[in-house]
Amino acid sequence: MRLREYIDSLDYIVLKKLRCQATMSQTETEMPAHRRSRTVKRRLWGGLRQQWKLLGLFEIDQQHEFFGLTQMMKEGLAAAVQNTIDNPLPDELSEDDFRMEVTQVHEGFQMQTFAGPVFASLRRSLGMTEKEYQRSLSSDGCYLQFISNSKSKADFFLTNDKRFFLKTQNKREVKFLLSNLKIYLEHLESYPHSLLVKFLGVHRIKIPRQRKKYFIVMQSVFYPDERIDARYDIKGCQVSRWTDPAPEGSHVIVVLKDMNFEGKYITLDQQRSWLVHQVEIDTAFLQRINVLDYSLLLAHQPLHNDERDQSHSFATLIMRTKKSVNQGSSPTHEGVPCVPGAVLEEDSALLVSEMNCGSESFRVTETHSGDGLIPLQELQAGASEASMDPELREFQAQNRRLLPNFKNPLHVIDGPDLRYFVGIIDIFTVYGFKKKLENLWKRLRYPGQAFSTVSPPAYSRRLCQWVKDHTK
């Protein structure tokens, strides 16, 4: 029934648009030139907004309302990152680094960067070079806008390679992040594979005669996204937690919700206990800073048949992981891997992968047993701590969540059949007076039902329980 209604609504929109075009073309000939220009722009903008409703992701080209803003963002970010390139980071961060504000003047706007050395240090700890970060943020390709079914009034932009999200925030949210930045970094240092989204920069853009815009840069949880076939936003409750799926065969990007996931499971086998424990750790941190209404983002993509063979060595796992992120690529295909830096399988015994774990670097090397390479199967079967090489124990701690072609720890973990992308986002909602009133009203409005606005301890417990109930 929903699909039928969706198709009927599309037919209505098309017919209405055609009638409007006929009427407007007749009216426009009677208008002065300047008014006609504004009308055409409004019509184009309306058409773009309608396409966003259908596509979810749209390129911000020269006709887009946000083209000028995103071009300023790109220019400002390129200069801000260049500033950190030209000024080497200190060995240790100081209190002044956390309070630092740098303003750079550009033609037509100013860009302010908050706590620049702190975020540059975080990027470095994630194995990300400043040149690499700058290249992604300021590439020639247009930014993309993501239109979701979220109630948030924020604007979401993606870099052209979809690696980083830029999200507009209000002043209160930015002040909250900056005031908790030190303990946020301490948490990531203590738990380098935390599921919390990685914030990489906080900025404010000032345009004459316009309101200041604050925005943050963060790592995309759903990266690389080429083969992702389902996305979910989980809060652990039921009220208003259903989204109509996209029509079958559609290219619409729809982020589904809790009720859409009912009857499904995150199947991880031996990785399950790690995920449950990490969610408990991260939500305890969020409870500590008194926030609620955050979301567990979840997505999955199918593994290739040959990726499901658990007897592969660590080096072969690296090769399979690299190849799986390329659309249409499979490790059974011959030839050189598509991803830069990939290693041919015959050379895998020589492979050395340098990974960054929080602020301490370590090396994971392929080791040999008497018969050859130690298989991943042996690691997962629970080889004794005494008999296992220390560096292989370190690899096991990675939970197979690092894509070795990228040094930053991505939110990726493999199950027997699916590769999962998992991350916790939207951590700015403080449980203050307004939220306590909202909690009281919803208790009256939805008696006996689970809704999102509850106290931080209750919110944390409920999300942890959801993960326990929906993993195996």
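This note sets out numbered points on selected strands, two side chains and the cavities of a predicted model.

1. Strand E7. Strand E7 covers residues 199-206, and seven of its eight residues are buried, so the strand is largely enclosed by the rest of the structure. This strand is a useful place to begin reading the model, since its pairing with strands E3 and E8 can be followed residue by residue in the next two points.

2. E7 with E3. Strand E3 (residues 109-114) is joined to E7 by five bridges, and the two strands run antiparallel. To locate this pairing in the structure, one may look for Met111, which stands opposite Ile205 in E7.

3. E7 with E8. Strand E8 (residues 213-219) also pairs with E7 in the antiparallel sense, here over six bridges. Phe199 has Met218 of E8 opposite to it. The two strands form a hairpin with six residues between them, and in this hairpin Arg209 takes a positive phi near 65°.

4. Gln104. Where does Gln104 lie, and is its side chain buried or exposed? Gln104 belongs to strand E2, which spans residues 101-106. Its relative accessible area is 18%, and because the limit for a buried residue is under 20%, Gln104 counts as buried. The side chain of Gln104 reaches the backbone oxygen of Ala79 at 3.3 Å. Apart from neighbours within four places in sequence, the residues in contact with Gln104 are Gly76, Ala79, Ala80, Asn83, Phe109, Gln110 and Met111. Met111 has already appeared in point 2, as the residue opposite Ile205 in E7.

5. Strand E18. Strand E18 (residues 418-425) is mostly covered, with seven of its eight residues buried. Strand E12 (residues 295-302) pairs with E18 in the antiparallel sense over eight bridges, and Ser295 has Ile425 in E18 as its bridge partner.

6. E18 with E17. Strand E17 (residues 412-414) pairs with E18 over three bridges, again in the antiparallel sense. Asp414 stands opposite Arg419 in E18. The connection from E17 to E18 is a hairpin of three residues.

7. Lys235. Which backbone oxygen lies 2.7 Å from a polar atom of the Lys235 side chain? That oxygen belongs to Asp293. Lys235 itself is found in the loop between strand E9 (230-234) and strand E10 (256-257). The student should note that a charged type of residue is buried here, as Lys235 has a relative accessibility of 11%. Leaving aside neighbours within four places in sequence, Lys235 is in contact with Arg241, Asp258, Asp293, Tyr294, Ser295, Ser452, Tyr459, Arg462 and Leu463. One of these contacts, Ser295, is also the bridge partner of Ile425 in E18, which connects this point with point 5.

8. Cavities. How many cavities of 30 Å³ or more are counted? The count comes to four. The second largest cavity has a volume of about 60 Å³. Its lining consists of Phe176, Leu177, Asn180, Tyr184, Phe285, Ile289 and Ile427. By residue class, this lining divides into six nonpolar, one polar and no charged. Because the classification places Tyr among the nonpolar residues, Tyr184 in the lining belongs to the nonpolar group.

How values were computed
Residues numbered from 1 in each chain as written. Predicted model: local features only at pLDDT ≥ 70, side-chain atom pairs only at ≥ 80, totals over all residues. Heavy atoms only, no water. Helix = DSSP H or I, 4+ residues; strand = E, 2+ residues; numbered from the N terminus. Buried < 20%, exposed > 50% of the residue type's maximum accessible area, 1.4 Å probe, protein only. Polar contact = N/O pair within 3.5 Å; in protein donor to acceptor, adjacent residues only side chain to side chain. Contact = heavy atoms within 4.5 Å. 1 Å grid on protein atoms, 1.4 Å probe; cavity = no way out; pocket = protein on both sides within 12 Å on 5 of 7 lines; lining within 4 Å. Points joined across faces, edges and corners; volume = space filled by probe spheres on them. Pairing = 2+ DSSP bridges.
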